[in-house]
Amino acid sequence: MTHPIPPGTRDVLPDEMRELRMLQARLAEVFEGFGYGEVATPTVEYDEVLARAAAGAPAAYRFFDERGALLALRSDLTAPIARLVANRFASSEPPFRFFYNARAYRAVRPQRGQAGEFFQAGIELVGSPAPEGTAEVLEVLSAALDAAGLRRAVIGLGDAALYRQLLEELGVGEDDRARLLALLASHDHVGLDMEVSGLALSDSEKRLLMRVPMLRGGPEVLDEARELGGEAMARALERLSGTYEAAAERGIGDRLSLDLGLLRDLGYYTGAILEVYDPALGHVLGGGGRYDELMGRFGRPLPAVGFALFLERLHIAQAEEERIAEEEVGR
Amino acid sequence: MSGVARPTAALSQGPLRLAVPRGALLEETLDALDRIGADTAEVRGDSRSLIFEAGDLVLVTMRPSDVPTYVEAGAADVGITGKDVLMEQSDRVFYEISDLAYGGCRMVLAGPGGEDRLAEQERRLGALRIATKYPRIAERYFDDTGRAAEVIEVKGSVELAPVSGLADAIVDLVDTGRTLADNGLVIREEIASSTARLIANRVAHKLRAKEIDDLVERLREATT
């Protein structure tokens, strides 16, 4: 006789747990080396407190406590840590550097092999503005990927406001802007091209709007974008190229892939956004970015930036990289 | 914000893996691939294999509705399938990068010929019964147009549903419209039009950008 467990959950047995713990320990060592301190927050919080993060990942599991208050399982650690900073560090001098190794919860779609409960490892840097704060976080992320044995991993770097600003510079109206950004966020470049063709813009401006989401790669994409778009483009690019330069000065330029079309979702990101890829895996390993307005919603307006890695995916990529390396040695 | 996919598939290391749809789009897809210099003779032959090497591509053949599944997981780097399939699976995450323009057809609402009695049926019975292979497209369409529908998913010939009394009308993909006519059905409303699309895995789109952009360019030249 077997007893079911809810969809999206699973048991972790000793062999896997040992490797996950080892991975967590390596990441913790990197984070601590950069001066980040580990925090743990409650798995359940009041729903209205987490919901203050507004456009962030909404909680999927909610229930009532014994007094009838609505609780929620956290969907990431960013909102709980924003709350923690506002509560516990209200009179302390920023910046604050925190890291976590914790479980988070999201809804699962049936029969898609998704995890509703998963480990995240990540950092939050609160009170350090762009571009230096962003560059620091990128450097920590790069070191964490090395420590996990993912030397081939790439960090995609974009800017959440770049395309929006470009549309504003070109005088595209608010309704059109919202529609175009929604298409970009859902990665529908065909739909985006169709909408752009219908705008009252010059042919070269339309070409620019169709081309920008395709621009990704080394620093040469910045030059190509400037060539295509002149002044308006150059202004929209300012922040991204500033972030890239600050990161390159820290020696991690080679690890970055600039991505002018990157838009993770229409969530709380305000400036730089990032995604992590490894050639051994078809899924994104993690992501993050700047959320300079989030802390304000918890009553402590401070610029902030961070990232989260999906630990189980990192583990699969690590195993896959090891297998590939062994194959190469065997040859 | 949905759950976190548990990945098992590794991205391919060698040539780009292209998911190729078997069925109605196969012929034109292979023609386009021939024109960009990928030899598809083996796929056209009577081999029972599912994976073929073709020039600088590896072709992975499958049902059109499986293409988004393979591409989302990275088991194929890129894939070709109809917009109808992408609309039905709109919750999957991938880059839709090119309209290949061929394989044009329409998603329609069709009902029995003669006087249009659908509105009257909805008014008197509260909801229309709609049979379809595209339940999500059908539900979204009736939601968007503010009508009540009871959507019934069927796997086989959907034209059978109104003829046999299972449903009042159908939502289906129509090419020439002959099958509809043969079963006494007529198009009542057009929901969307569809053509073949090229989609890319999220990670491959970044890490194999040059190869993928090059494929988009070559396919664009070959299909227009």
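Reader: What makes strand β8 of chain B and strand β10 (residues 169-174) of chain B a pair?

Author: Two strands pair if DSSP finds at least two bridges between them. Three bridges join β8(B) to β10(B), so the two strands pair, and they run parallel. In β10(B), V171(B) is the bridge partner of T132(B). Strands here are DSSP runs of E with at least two residues, helices are runs of H or I with at least four, and both are numbered from the N terminus. A word on the model: it is predicted, local features need pLDDT of at least 70, side-chain atom pairs count only at pLDDT 80 or more, and totals for chains, interfaces and linings use all residues. Residues are numbered from 1 along each chain as its sequence is written, while chains are lettered from A and ligands numbered from 1 in the order in which they are written.

Reader: How do you know that β8(B) also pairs with strand β9 (residues 149-153) of chain B?

Author: Five bridges join β8(B) to β9(B), so the pairing rule is met. These strands run parallel, and L128(B) stands opposite A149(B). From β8(B) the chain crosses through helix α6 (residues 135-144) to β9(B), in a β-α-β crossover that is right-handed.

Reader: Why is that crossover called right-handed?

Author: With the strands pointing away from the viewer, the path from the first strand over the helix to the second must run clockwise. The crossover from β8(B) through α6(B) to β9(B) is right-handed.

Reader: Why is β8(B) called mostly covered?

Author: Four of the five residues in β8(B), which spans 128-132, are buried. A residue is buried if 20 or more other C-beta atoms lie within 10 Å of its own, exposed if 12 or fewer, and partly exposed in between, with C-beta atoms placed from the backbone.

Reader: Why is T9(A) called partly exposed?

Author: T9(A) has 13 other C-beta atoms within 10 Å, which falls between the two limits, so T9(A) is partly exposed. T9(A) lies in the segment before α1 (14-33) of chain A. Leaving aside neighbours within four places in sequence, T9(A) is in contact with G116(A) and E117(A); contact means that the C-beta atoms, placed from the backbone, lie within 7 Å.

Reader: What makes a set of residues a nonpolar core?

Author: The members are buried Ala, Val, Leu, Ile, Met, Phe, Trp, Tyr and Cys residues joined through C-beta atoms within 7 Å. The largest core has 135 residues, and L285(A), L309(A), A19(B) and V78(B) touch the most other members. Helix α9 (residues 220-249) of chain A gives the largest share, nine residues. There is also a second, separate core of 25 residues, which includes L109(B), A131(B), A138(B) and A167(B).

Reader: How many residues does each chain bring to the contact between chains B and A?

Author: Chain B brings 28 residues and chain A brings 37. On the side of chain B, β6(B) gives the most, with five residues. By class, that side has 15 nonpolar, five polar and eight charged residues. Ala, Val, Leu, Ile, Met, Phe, Trp, Tyr, Cys and Pro count as nonpolar, Asp, Glu, Lys and Arg as charged, and the others, Gly among them, as polar.

Reader: Where do the domain bounds of chain B come from, and which residues belong to each domain?

Author: The bounds come from an automatic or database domain assignment. Domain 1 of chain B takes 16-104 + 195-223, and domain 2 takes 105-193. Their C-alpha centres lie 30 Å apart.

Notes:
Two residues are in contact if their C-beta atoms, placed from the backbone, lie within 7 Å.
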